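Subject: Structure for you to look at

Hello,

Here is the structure I said I would pass on. Please open it beside this email and follow along; my notes come after it.

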Amino acid sequence: MEESKIDDLIKRMTLEDKAHQLTQINADFVATDSKATVTGLTGYLKLDNDDVEKVGSVLNFSGGEMAKAIQKKHLEKNEIPLLLMQDVIHGYETMYPLNIAMGGTFDLDLVEDCAYMSGIEAKLNGVHVTFAPMVDLVRDARWGRVNESTGEDPYLNGLMARAFIRGYKKAGLGVCVKHFAGYGAAESGKDYNVTEISEYTLRNFYLPGYKECLKEKPDMFMVSFNVLNGVPMAANSHLLIDVLRNEWGFNGVVISDYNGIGEMITHGYAPSYKECAKTAITNQIDIEMMSSSYIHYLPSLIHEGEINSLVVDKMVKRVLTMKNNLGLFENPFRGIDIKKYKDMIRTKANRKLVLGAAEKSCVLLKNNRVLPLETDTSVILIGPYADERSIIGRYKCLGRVDDCISVKIGVESLLGVEVETSKGCSSNILDNDYSMIDEACDKASRHEVIIACVGESSEDSGEGASRADISLPSVQIELIKKLAELKKKLVLVVFGGRPQVLSEVEKYADAILYAWEPGSEGGTAIANLLYGKSYPSGKLTMSFPRSTGQCPIYYNHFNTGRPKNPDIISNANFNSSFRDELNSPLYPFGYGLTYTTFIISNVHLSNDSLSKGEAIKLYVDIKNIGERDGQEVVQLYIHDIYASCVRPVKELKGFKIVKLKQGEESSITFEINEDMVKFYSSKGEYEAEPGEFEVMVGFNSKDVTTINFTLKRWEI
Ligand code: GLC
């Protein structure tokens, strides 16, 4: 529809129409025919059926039939089609691994392919825009939503978010970058908690990922729940107007999070719902999700001259323009095709794709030469996740647990025989029932290899699922200890949506495979990796703490004025350390083993100084000196040794995936340029400062080869 037609449409809308157009509620309310007002938990909305029939968008619905029904019903009374949104985060029905795992593949094409696949499934089922990608930088594994992020590095997060956006958009799905901004810095990792982030840290760590998304032209940004430096994000004009709209030039739709506008009252910021509406409209939050301050107060705010009607018209125009760009005016039922959907979701292609994603995102943390297993060894599966199919995460759209391959199913189909299992303990991390351990150990004693499937359930991470202690439950630790006493080969497969503390069990395991929530083909992937049908290549994109007390812990930290050797307990009281814990993580960012050994050599630069506008090259030789084919991720880090603000001890600035057969070698080259050393300086400028730099290269952020270069002070 031409822009002029949109302008005409807006001219014909009443203020009430505009307020409804800028409101989004659960699809369930639109679907029901009840004349009752919206009641129950959402009675606070105080919406009657007339309101419900007029809203401009809905979220979270059960699929194509419902999408068709609510759109049809809506169009009986409205000229403007309904916008339908859903949380398509790591799959729609065919589920791939959590994003914290997908980030660890370092494979941007794979991420794009998975987003595309899920975008097609979602679009065929009536979804117009997904509430993704989630681009929050995360450093504290106590926070449950780390599972939706791709980790603690802004550079990787930005590239991964762009890959997700490309995939969704190629499928014809709109995208909503979230949660803007700094939600992942929730104090003590407690969800919805306050955040305190300086402008320097915002600019250099928390904002770059969101900003990078602009290169892929996202349709929407979502405002986060958190208070940032004393102000709820919904009231944060600096970020919503000065930065997002004016500095970054984003002219798409901004949506609140679920009742995020209404919660300004609860935060103790807005005295009334009317003030909520005024603040949110002033900050150009175009759509109010699951609160109704616009419906109740937008008209009167304009009548009373509190809000300029032109501001509201701009908001409405952004929403109608987005609907127009999605083709909704031409075809409000665009893309819905239930039959095509049903034909595609179980295709071998989709299952093969998510199988590969699961294989590439599991992380081999330890292997004392027990993996891969021989198929003729006698094996038993122990633990609460040995025969568990709920390993597809919580934000799962139409993902079906009964459609998921458990470890038991995966291993039995690979071996072609039934495999004995024993739970050993419950999956409830709060449960202290030790009564099943003896039976599990008794059964295990009759086998050569024990595969213990432990960790946390999909309910223990995700939204609202923070944990104060991220250790394995004590009953699982006891189970693992007892199994170790049997002196069998002991392999741990750990499930979860966050880094968990494995310090107390690491020493008992001959091998540890971190499986995250691997998705619909999880069990098949784990079996393939354990038996060598494929090899592990996943990496960690969050540091794994030795103990919860180290949280937040992240690789790109500052040096402090009193650093200490991260791998020794220091007796001196006068350095930045713990009396009772090392400074180093148990497993560092970028870490992950494979079934062979790669070595790096001959690391050198084309020049040891970099001049303005030029680039230097970093040359690296890689060799597979092991007995099997494998893959590594060669990671490039840079450290700005001194600058007008302190700089991280290292920052990821490049990576390359290298696949080598046994005995093969290869050479790779990185280009180092001025952009790679720019940062928001003490002057608030994004600039490179001349000086000394270290460049490091390795297969993780800890074990690196370091050489120096100088960024020359150039002639002005
Ligand atoms: C939730 C989440 C957000 C999600 C939205 C819609 O509260 O914070 O990530 O997209 O509501 O479900």
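Which kind of contact do the side chains of R203 and E247 make? They meet in a salt bridge, with 2.7 Å from N to O. Before the rest, please keep in mind that this is a predicted model.

Salt bridges

Side chains of opposite charge can pair when their charged atoms come close. A search of the whole structure turns up 50 salt bridges, and the one between R203 and E247 is a good place to start reading. R203 sits in helix α9, while E247 belongs to helix α11 (residues 237-247), so this pair ties together parts that are 44 residues apart in sequence.

The two domains

The protein is divided into domain 1, covering 3-339, and domain 2, covering 598-711. Their C-alpha centres are 37 Å apart. Where the domains touch, 14 residues of domain 1 are in contact with 12 residues of domain 2. About 1,100 Å² is buried between domain 1 and domain 2, and carbon and sulfur atoms give 63% of that area. On the side of domain 1, the residues that lose the most area to domain 2 are F106, Y155 and Y200; together they make up 52% of what that side buries.

How many salt bridges cross the interface of domain 1 and domain 2? The rule finds 0. There are, however, 4 residue pairs in polar contact between domain 1 and domain 2, counting pairs with both residues at pLDDT 80 or more.

Two helices of domain 1, α8 (154-170) and α9 (199-206), each supply at least two residues to the side that touches domain 2. Helix α9 gives the most to that side, with 4 residues. Sorted by class, the side of domain 1 that touches domain 2 holds 7 nonpolar, 2 polar and 5 charged residues.

The ligand

There are 13 residues around the ligand, and those that come nearest are D87, R145, K178, H179 and D257. For three of these, here are the distances from a polar side-chain atom to an oxygen atom of the ligand:

- D87: 2.5 Å
- H179: 2.6 Å
- K178: 2.9 Å

Backbone details

K178 and H179 come up again here, since the peptide bond from K178 to H179 is cis, with omega near -5 degrees. H179 is found in strand β5, which spans residues 174-180.

Which form does the peptide bond from C551 to P552 take, cis or trans? That bond is cis, with omega near 0 degrees. P552 lies in the loop between α22 (522-530) and β17 (598-605).

One more residue to look up is R369. R369 is not a glycine, yet its phi is positive, at about 55 degrees. You will find R369 in the loop between β11 (363-367) and β12 (379-382).

Regards

Notes:
Residues are numbered from 1 along each chain as its sequence is written. This is a predicted model: local features need pLDDT of at least 70, side-chain atom pairs count only at pLDDT 80 or more; totals for chains, interfaces and linings use all residues. Side-chain values use heavy atoms; hydrogens and water are left out. Domain bounds come from an automatic or database domain assignment. Contact means heavy atoms within 4.5 Å. Buried area is the accessible area (1.4 Å probe) that two parts lose on being put together, summed over both. A salt bridge is a side-chain nitrogen of Lys or Arg within 4 Å of a carboxyl oxygen of Asp or Glu. A polar contact is a pair of N or O atoms within 3.5 Å; within protein, one must be able to donate a hydrogen and the other to accept it, and residues adjacent in sequence count only if both atoms are side-chain atoms. Ala, Val, Leu, Ile, Met, Phe, Trp, Tyr, Cys and Pro count as nonpolar, Asp, Glu, Lys and Arg as charged, and the others, Gly among them, as polar. A residue is near a molecule or strand if one of its heavy atoms lies within 4 Å of it.
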